[in-house]
Amino acid sequence: MTALVSFRDATLGYGRHAVLRGFNLDILDGDFLGIVGPNGAGKTTILRTFLGSLKPLGGVVTIAPGLRYGYVPQRDVVDTLFPLHVLEVVLMGRYDRIGIGRRPTATDRELARKALERVGIAHLADRPLTALSGGQRQRTLIARALVGEPNVLVLDEPTNGMDLVATTQILGLVRDLHERTGLTVVMVSHALNEVANYVERIALVHESGYVVGTVDDVMTQQALSAMYGIPVEVSSFEGHRIVLAKRATNGIRRDA
Amino acid sequence: MLDAVLLFREALYGSLIIAVTCALLGVYVVLRRIVFVGAALAQISSAGIALAYWLAGHGIATALATHPEALSLAATLASVIFFAGTPRGPVPPDARIGVWYAVAASAGILLIAKAAVGEAHDIFLQGNILGITRADTVELVIASAPVVGAQLLFQKELLFTSFDRETARTLGYRVGLWDLGFYLALGFVISIAMQFAGVLLVFNFLVLPAVTGLLLARSMAGTFLVSAVAAVVAAVIGFALSIPFDLPTGPTMIAVSGALVILAWLVRRMQRRS
C-alpha cells in the first residue's frame, strides 16, 4: 500500500513549543487508522499538521499530490446559530469543486442527497440543522465530508458527548463506509475502548511517547501499561477488546 | 406630512441605502459574534471624522472639513488590517477590541471638543441624516453597490468561512483572506455611512435588523430578506415619524428598530408555544 501522508522524524507543535518529537507515521492508502490518546497528548497537533493548518517544526511531512480530505470536525464546532438546513450544510462539501462565485447546480444537490442516503438520513435533507439529534448532526457532517469525493475521511472525536447507542451507530457507519468502498479513514479520539474495536491500526499517543501498529500489536497489556505508566489489563468479551486500568490500592495489599 | 417627507426625500433615499447595506452585512456580524468589532470600527471611524474636523479647524488640512470621510476611511481600514494581522497573544481578542473601542471613543470626543468647525458635535454624535443631498445619495450608491454585489457573488464563500472555518480550510479556502475581505468591506461601509448617520445609527443598522431576521426567519436567505425589510421599515417609519413630531431622525429610526426586535421576539415566543 502506498503512503498518502508520511511523517519522518517530525517535530510537531505550536510556535516554539514542541508537542511531539521524532514522530514517524505513514497513513496508507486504504488505511483505517485511529489516532488515540488523552487530551493534550498531541493527537490534534498530528491532525492539524497533516490537514495542512500547522507546519511541522522539524523533520519532514510528505503529503501525496492531489490528496483530498473529507474532514468531519468535532460536532460542537458547528454553530447552531446559523439557520441552515441539512442539505445546505452537506452542499458545503462541494463548494470548492463548484468554484468561487458560482452557485450549486442540480447535480450538486443530487450528489448531496446521495451522500445523505449513504449515511442513512436522506429523509432529513430539508430539516433545520438545529432540529437534529447529536447522532444525526454527526451523520450530516460525515455526508458533507463524503460529498466532496475525498481520498481520506478524517474524523475528529466523532463520538464526543454521544450516548452508547449513537456512538455504536456512528462508529459502525464509519467502519461500513471503509469496508464497502475501501475509503481511507483516519479517526482521532481519546476513547481507546471505542476506537480499538473498529479501526485496523492505531497510533497511540501519550505524554511519554507514541506507539504505532496494528490493533493486535498495540492493544496488549505490556504495550499499554508501558505507555500509560500504570498497570492496564486488556480483556476480550465476545470479540470486543476492553481496556481496564487496574484499580489503585494505595499500597495496601489485601490478602484473600 | 407627505410634503415634509418629500422635501427630505434625498435623506430618505440615503437612509435606505445605509440601512439595507448595513443590515445585509449585519447578518454576518451577528452570526460571527463580532458585534463588538462593529461597534469598535464605528468608533474608530468616528474618531477619524473627529480628527479630520480637528485638523481642518486648526488650518492643517482644510479640505478635510468637506471630506472628513477620507480620514475616517483611512483610520478604519488601517485598523481592520491591524486587527487581522495581529497574532494571538496574552491579551484576548475581545479585550484588544475593547481597548480600541475605549481609546477611539475618548479620542473622538476630545478631538471634537477642540474642533473649531461649527455643529461638529451634533454630526459626531448623531450624524446628519437630514443633510443628505443628491450628491451624497449618489456617493452612497457608488460605495454600497460593490459591497452588496460582492456579498451576493461570494455568498457561499462568506457563509462557509463564517460557519465552519476549519473545514473550509481543509478544502483549500484561505480563511484569513476571506476574513480580511469581509472586515475591509465592513470597515468601508461603516466609514462611508458614519459621516451621514453617526455612530449609533450605523451600529443600530448593523445589529438590530439582523437580530430581527434571526428571530423570524428559518433560513439564511430568509434571514437576509427579513433583515433588509426590517431595516427599510425602521428607516421609513423612523423618518416619517421624526419630521412631523420634530424628533431627531437617527434615534427615532433606532427606536423603531428596537420595537421591531421586540415584536419579532414576541412572534418567536408565540410560535414556540403553539
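Author: A quick definition before we start: a crossing of two helices is left-handed if the near helix is turned anticlockwise from the far one by less than a right angle, and right-handed if clockwise. Keep in mind, too, that this is a predicted model.

Reader: Which hand does the crossing of helix 3 of chain B and helix 4 of chain B have?

Author: These two helices, residues 35-57 and residues 69-85 of chain B, pack with their axes 7 Å apart. The angle between them is about 145°. By the definition above, the crossing of helix 3 and helix 4 of chain B is right-handed.

Reader: And how many charged residues are in the contact of helix 3 of chain B with helix 4 of chain B?

Author: From helix 3 of chain B come residues including B:Leu41, B:Ile44 and B:Gly48, and they meet residues of helix 4 of chain B, among them B:Leu71, B:Ala75 and B:Ser79. Sorting the residues of this contact gives nine nonpolar and five polar. The number of charged ones is: no charged residues.

Reader: Over to chain A. What radius of gyration does chain A have, and does that fit or clash with a compact globule?

Author: Chain A holds nine helices and 11 strands, and its C-alpha trace spans about 70 × 45 × 35 Å along the principal axes. For 256 residues, a compact globule would come out near 18 Å, and the value for chain A agrees with that: 20 Å.

Reader: Which elements give two or more residues to the side of chain A that touches chain B?

Author: On this side, 20 residues of chain A are in contact with 20 residues of chain B. The chain A residues there divide into 14 nonpolar, four polar and two charged. The elements you're after are strand 5 (69-72) and helix 3 (95-98) of chain A.

Reader: Strand 5 of chain A again, then. What are the edge strands of its sheet?

Author: Six strands of chain A make an open sheet with mixed pairing, in the order 5-6-7-3-8-9. Neighbouring strands in this sheet are turned by 15° against each other on average, ignoring direction. An edge strand pairs on one side only, and that holds for strand 5 and strand 9 (209-214) of chain A.

Reader: Which residue is the bridge partner of A:Tyr69 in strand 6 of chain A?

Author: Strand 5 and strand 6 (residues 152-156) of chain A run parallel and are joined by four bridges. A:Tyr69 and A:Tyr71 point one way from strand 5, A:Gly70 and A:Val72 the other way, and all are buried. Helix 5 of chain A lies across both strands, at about 170° to strand 5. In strand 6, the partner of A:Tyr69 is A:Val152.

Reader: Deeper in that order, which residue stands opposite A:Gly34 in strand 8 of chain A?

Author: Strand 3 (residues 32-36) and strand 8 (residues 201-206) of chain A run parallel, with four bridges joining them. Opposite A:Gly34 in strand 8 stands A:Ile202.

Reader: A:Glu149 and A:Glu157 have positive phi. Is A:Glu157 buried or exposed?

Author: Most residues other than glycine have a negative phi. A:Glu149, in the loop between helix 5 (134-147) and strand 6 of chain A, has phi near 50° and is exposed, with 12 other C-beta atoms within 10 Å. A:Glu157, with phi near 45°, lies in the loop between strand 6 and helix 6 (164-181) of chain A. The cut-off for burial is 20 or more such atoms, and A:Glu157 has 22, so A:Glu157 is buried.

How values were computed. Residues are numbered from 1 along each chain as its sequence is written. Chains are lettered from A and ligands numbered from 1 in the order in which they are written. This is a predicted model: local features need pLDDT of at least 70, side-chain atom pairs count only at pLDDT 80 or more; totals for chains, interfaces and linings use all residues. The radius of gyration is taken over C-alpha atoms; the globule rule is 2.2 Å times the number of residues to the power 0.38. Two residues are in contact if their C-beta atoms, placed from the backbone, lie within 7 Å. Ala, Val, Leu, Ile, Met, Phe, Trp, Tyr, Cys and Pro count as nonpolar, Asp, Glu, Lys and Arg as charged, and the others, Gly among them, as polar. Axes are lines fitted to C-alpha atoms, for helices over the stretch in contact, and angles run from 0 to 180 degrees between N-to-C directions. Two strands pair if DSSP finds at least two bridges between them.
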